[in-house]
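Work through the exercises below with the coordinates open. Each task is followed by a solution in steps.

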Amino acid sequence: MGIEIREVTSKADLSKFIHLPAKIHKNHANWVPPIYLDDWDYFNPKKNKSFAYSDTILLLAWKDGSPVGRIMGIIVRPYNEMHNEKHVRFSWLETENDPEVYAALMHAVENWGREKGMTHIVGPLGFSDKDPQGFLTEGYEETVVIASNCNFPYMVELTEKYGFNPKENLVVYKIPVPEVQPAIITKIEERYRQRNTDLKVIEFTNRKSVKPYIHRALGLVNQTFNEIYGFWPYTEKEMDDFANRFLYLINPQYIKVIINGKDEAVAFIVGMSDLSKGIQKAKGKLIPFGWIHVILASKRTKQLNLLLGAVRSDYQGRGLDMLMGGKLLESARKTGKTMMDSHLELEQNVKVRAEMERNGGKVYKRFRIYIKSLES
């Protein structure tokens, strides 16, 4: 039998779409399953409001009566309009090392994009840069962290042989948590103590106290991330969705917010314990008892993953990033963390990369987003 591409149109189809990666990565030691409750919400248009302003299609590849590949096509209409682009995105692509399955899935999304007037296909890229993006190109021996893609090397080979070209390169740093506070951070903290300033660092001990700051912090992301490739601003509903998606997994000690005298958030940073080992043991299922593995992993891991952060443009260059970083390092040391994962940074973001390297960071993973013309 040949390969058949079918659109996901039922709950049963969606279940196969969501659970297919576990089959493909069965013997992949560093792969971490998704939290399946989260996936069901993500692919539900009633709960994920990104569907409201996007055209989407979910496809499964079938062979010999079984699903052997999957892909999602996305057209984010307002992003295309803002950037004068006609791009269809592909994301959540999973296949075995089979060029025919890969080509059939990609061809289907390309045709769908052409029918809607698109001129290029880019990916892996979801609704925005907040979703996993790019194929892993270096660091295959490392365990995947939350909100990032995990793939075998063959996926890169299949993509490049199919005719895609590099669009954006991203890097991830491993940063040591120093045993004592770096002198430059101590100097900045002392400078702010001596100044007559209205700035205040807010720290948290419980999740309830974080909630009043969620919209202010994520609103700050909307103000400062405009130049980042793939970024699309949060709506208020998406802010709530983001908080519901991640807040229950985050120790509030790893959230720092700086406010000014007007009670405006001018900077924030969020980190979370690496939960990979716990999610692996739970096999992605938190209910009924998987959550125990996740909690234990959060306490045992020596790794802190940076998730999100921003400094308002008119407060940049004042050392607020170092001030927050110092508080985060202090919390990391108190909870036994010895290293941090920076999450993805654009390769050309030299300012942020210089700061990572100044703190002893070394690139240990690389990712790549690809692009291909649909007009050839």
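**Exercise 1. A helix and its cover**

Which residues in helix H7 (residues 214-224) are buried?

Solution. The model is a predicted one, in which local features need pLDDT of at least 70, side-chain atom pairs count only at pLDDT 80 or more, and totals for chains, interfaces and linings use all residues. Residues are numbered from 1 along each chain as its sequence is written, and side-chain values use heavy atoms, with hydrogens and water left out.

Step 1. Fix the terms. Helices (H or I, at least four residues) and strands (E, at least two) are DSSP runs numbered from the N terminus. Buried stands for under 20% relative accessible area, exposed for over 50%, and partly exposed for what lies in between (1.4 Å probe, protein chains only).

Step 2. Read off the residues. The buried ones in H7 are Ile214, Ala217, Leu218, Gly219, Leu220, Val221 and Asn222.

Step 3. Find the cover. Helix H8 (236-246), S10 and strand S11 (303-311) are among the elements over the buried residues of H7; contact here means heavy atoms within 4.5 Å.

**Exercise 2. An enclosed strand**

Determine how many residues of strand S4 (residues 87-95) are buried, and identify strands that pair with S4.

Solution. Step 1. Nine of the nine residues of S4 are buried, so the strand is largely enclosed by the rest of the structure.

Step 2. Two strands pair if DSSP finds at least two bridges between them. Strand S3 (residues 66-76) runs antiparallel to S4, and five bridges join the two. Within this pairing, Gly69 stands opposite Thr95 of S4.

Step 3. Strand S5 (residues 120-123) pairs with S4 in the parallel sense, over three bridges. His87 has His120 in S5 as its bridge partner.

**Exercise 3. Salt bridges with a shared partner**

Trace the salt bridges of Arg366 to Glu138 and Glu347, then examine the pair Glu190 and Arg193.

Solution. Step 1. A salt bridge is a side-chain nitrogen of Lys or Arg within 4 Å of a carboxyl oxygen of Asp or Glu. The whole structure has 16 of them.

Step 2. In the bridge between Glu138 and Arg366, the closest N and O atoms are 3.4 Å apart. Glu138 belongs to strand S6 (residues 135-138) and Arg366 to strand S14 (residues 362-373), so this pair ties together parts 228 residues apart in sequence. Glu138 is partly exposed at 43% relative accessibility, and Arg366 is partly exposed at 24%.

Step 3. Arg366 also bridges to Glu347, with 3.3 Å between the closest N and O atoms. Glu347 sits in the loop between strand S13 (345-346) and helix H12 (350-358), while Arg366 is in S14, so the pair ties together parts 19 residues apart in sequence. Glu347 is partly exposed, at 30%. Through shared partners, Glu138, Glu347 and Arg366 form one network.

Step 4. For Glu190 and Arg193 the closest N and O atoms are 2.9 Å apart. Both lie in helix H6 (residues 183-194), three residues apart, which separates them by about one helical turn. An α-helix has 3.6 residues a turn, so residues three or four places apart point the same way. Glu190 is partly exposed at 33%, whereas Arg193 is exposed at 58%.

**Exercise 4. Two residues in their surroundings**

Is Asn260 buried or exposed, and which residues does Leu328 contact beyond four places in sequence?

Solution. Step 1. Asn260 is located in the loop between strand S9 (255-259) and strand S10 (265-273). Asn260 is buried, at 5% relative accessible area.

Step 2. A polar contact is a pair of N or O atoms within 3.5 Å; within protein, one must be able to donate a hydrogen and the other to accept it, and residues adjacent in sequence count only if both atoms are side-chain atoms. The side chain of Asn260 makes such contacts with the side chains of Glu264, at 2.8 Å, and Tyr315, at 3.3 Å.

Step 3. Leu328 lies in helix H11 (residues 320-334) and is buried, at 2%. Beyond four places in sequence, Leu328 contacts Tyr254, Lys256, Ile269, Leu304, Leu306 and Met340. Leu328 and Leu306 are 22 residues apart in sequence, with 9.9 Å from C-alpha to C-alpha.
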